[in-house]
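Work through the exercises below with the sequence and the 3D view at hand, and try each task before reading its solution.

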Protein chains: 2
Amino acid sequence: MSAIPSIETATSPFPHDSVGKVKKQQFTFAEPPGELVLESGARLGPITIAYETYGTLSPAKDNAILIAHAFSGDAHVAGYYTDDPTTEKPGWWDFMVGPGKGIDTDTYFVICTNILGSCMGSTGPSSISPETGEPYGMEFPMVTIGDMVAAQKCLIDHLGISRLHAVIGGSVGGMQVLEWCVRYPHMVRSAIPIATTMRHSALAIAFNEIARQAIMADPNWRHGDYYAGQKPDMGLAVARMVGHVTYLSDEAMRRKFGRQLQNKDDFSYDFGIDFQVESYLRHQGSKFVQRFDANSLLYITKAADYFDLKDTISTPSCIDDLHKAHLKFLVISYSSDWLYPTYQAKELIQALKRTGQDMSFCEIEADCGHDAFLIKDIRLTNLIRGFLHGVPRN
Amino acid sequence: MSAIPSIETATSPFPHDSVGKVKKQQFTFAEPPGELVLESGARLGPITIAYETYGTLSPAKDNAILIAHAFSGDAHVAGYYTDDPTTEKPGWWDFMVGPGKGIDTDTYFVICTNILGSCMGSTGPSSISPETGEPYGMEFPMVTIGDMVAAQKCLIDHLGISRLHAVIGGSVGGMQVLEWCVRYPHMVRSAIPIATTMRHSALAIAFNEIARQAIMADPNWRHGDYYAGQKPDMGLAVARMVGHVTYLSDEAMRRKFGRQLQNKDDFSYDFGIDFQVESYLRHQGSKFVQRFDANSLLYITKAADYFDLKDTISTPSCIDDLHKAHLKFLVISYSSDWLYPTYQAKELIQALKRTGQDMSFCEIEADCGHDAFLIKDIRLTNLIRGFLHGVPRN
């Protein structure tokens, strides 16, 4: 008679509501004639899309949810890459995605792809160009939010999924959600755009342009051709600092930092770090350069700036195309988001209503700014859980 | 009989409500023992203060108004430097200061000084250090808003003025106004702080820190020692772009730029200029580097960050010191100013009320953001005119 395993060895090392260990996946496609025709007219291929999945695809393939990540995110939404959850942080939306969570992996098959143009496994400016055998750099063609979504669609087709139960994402992820709805309305049952906009405002463009200029001002940038040498870390760090301020709010910064000094009783009267907020920003900048590619920042911010769901002119991204379909929408904004404020969510709702969509809207009162959707909040979890539950599967 | 001059030759070439041709003035002082003791404890001297005056000082010397300029301003508030008003722009507050204007030079003797640490004639990091015979660069000591005001006081003493009818300024100028009131309450009859704060917020510090990091990341900055070579123009331009976004508002940018393209019918799909707001920012950046010194930006932003009128601890800048005096205040904020929002003006008012000051407050509804006080607006003119008229001269 063999020994009964002890409770300890029988227990998963992962938290009970975690999707546990997940693995990186890749899909490479070369559409006939071997490439994707981008919105600019340029051709790009072959294209590799890094992705992860959680949960199990139903036999009817009707329980798939696509999550679209924000600007600097990746496909690693939930779970861990190792067997030891104490050695690394789980995915970026782990509080939302897992067994029994807001996006319940006991019910849904969840997919997340790294966006085209990024540097987290999908093809982007740091990828090797098949033509030159060198990183693309500035030879990488401009990609739009629509192009990112077109690449995602190739993966969804490849997985044999004809209709997504939901597409969900915040910020630049929310733009992808909207682009999915207008490009492929018959492939989407419901959509949850969070903390996003239907067209990038002048203010948002301005901040992105400052971030780009900071990178391009760094002599190490060398017109994007830096992969063999020193990287434009100084410029990228300043760019990230700009981004971070836009992700927070005045209230959040008052609460989090105020005028607290860093390791000192008095002012330094020099240009070192005096205030905690300075330390925080410098830390965010130097952390970011270790994980992100400066050229990817250039391309993705430009894609966001180009984003505009025109409601009058028939284009590939025209909101009027939704007339052909009937989707359920849950639009979520945050009261202290000044990058994509609630009035922009309301503009989106008005435009969607004109096309006869089934609309729900919630502005969540929170003082933590644009990035609030990345912070664990039971209100967001309950909103998403309830909405998904109300979307019919057929 | 000599010829009667024709009307044309008798007419001033200047607009009738202009102060006309003005001249740059300088005052250099070396307080015993030859220098100013700064808040940091460092000593600086001799100090030159560039200033301008408009109107005539009354025999009783009781009609003087000091205007404090904002961060990148100068002493040239009104009028022209040449006899030909068509060849140059008038001073930065020409719509406010002149005969019959809001600050009426027929009634008041108006003084404006360039702040300590700047690069517009007053001593700053680009000035020649008497010790080395070279520009100070980073050897320039840190100066505070209090130090700027202490230097201004030396000039006011030199002019023989024992009490100012009013001290008026916006933004960093408003901080100087408040510092005047708490440091020298018996030298101030009334004060108009505009679009300002009693303590720099974490958000405002964050933007300043990004601007400083952008400059310091420029290899031409060379730890401030660039006066003999190439200047850190790229970094300074990015810093200015950051500043400009904070001076505007979301609404102003929507109205002014929206998503208007620059000279194009479609997107460029490259990293050139697509949107008008990008063009505007790049233009502001490149214009600024021609007139401003990067080190001065470092020093003045740091002075603003240090600014904090403590209301509990007795320091050189303690608001409780106002208990000793009774001043008239007109506090003005702008509804769309998100750098120093109205709630900060209200905090100031509460603190001033606790010290028993005579308070007036107005929030001006305007969608043009923080910089609104620099834009001609009859409401601001009337507010200031009316308030000044109500301040008794003795």
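**Exercise 1.** In this predicted model, find the polar contact that joins the side chains of A:His370 and A:Asp337, and work out where each of the two residues is placed and whether each is buried or exposed.

*Solution.* Begin with the contact itself, which joins the two side chains at 2.9 Å. Next, locate the partners: A:Asp337 lies in the loop between strand E11 (328-334) and helix H9 (342-354) of chain A, while A:His370 belongs to the loop between strand E12 (358-364) and helix H10 (378-389) of chain A. Finally, apply the cut-off, by which buried means under 20% relative accessible area: A:Asp337, at 2%, is therefore buried, and A:His370, at 1%, is buried as well.

**Exercise 2.** Determine which residues UniProt marks as "active site" in chain A, and why they can be said to gather at one spot.

*Solution.* The UniProt record, an unreviewed entry, places this feature at A:Ser171, A:Asp337 and A:His370. Although they span 200 residues in sequence, no two of their C-alpha atoms are more than 10.5 Å apart, so they gather at one spot. The contacts of A:His370 include both A:Ser171 and A:Asp337, and A:Asp337 in turn touches A:Ala195 and A:Gly369, among others.

**Exercise 3.** Trace the open sheet of chain B and identify which strands stand at its edges.

*Solution.* Follow the 8 strands in the order E1-E4-E8-E5-E9-E10-E11-E12, noting that their pairing is mixed. Strand E1 (25-29) and strand E12 (358-364) of chain B each have a single partner strand, so one side of each is left without a neighbour in the sheet. For E12(B), the pairing with strand E11 (residues 328-334) of chain B is parallel, over 7 bridges.

Conventions. Residues are numbered from 1 along each chain as its sequence is written. Chains are lettered from A and ligands numbered from 1 in the order in which they are written. This is a predicted model: local features need pLDDT of at least 70, side-chain atom pairs count only at pLDDT 80 or more; totals for chains, interfaces and linings use all residues. Side-chain values use heavy atoms; hydrogens and water are left out. Two strands pair if DSSP finds at least two bridges between them. Helices (H or I, at least four residues) and strands (E, at least two) are DSSP runs, numbered from the N terminus. UniProt positions are given in the numbering used here, feature names are shortened, and annotations may be inferred rather than shown by experiment. Buried means under 20% relative accessible area, exposed over 50%, partly exposed in between (1.4 Å probe, protein chains only). Contact means heavy atoms within 4.5 Å. A polar contact is a pair of N or O atoms within 3.5 Å; within protein, one must be able to donate a hydrogen and the other to accept it, and residues adjacent in sequence count only if both atoms are side-chain atoms. Lists of a residue's contacts leave out its neighbours within four places in sequence.
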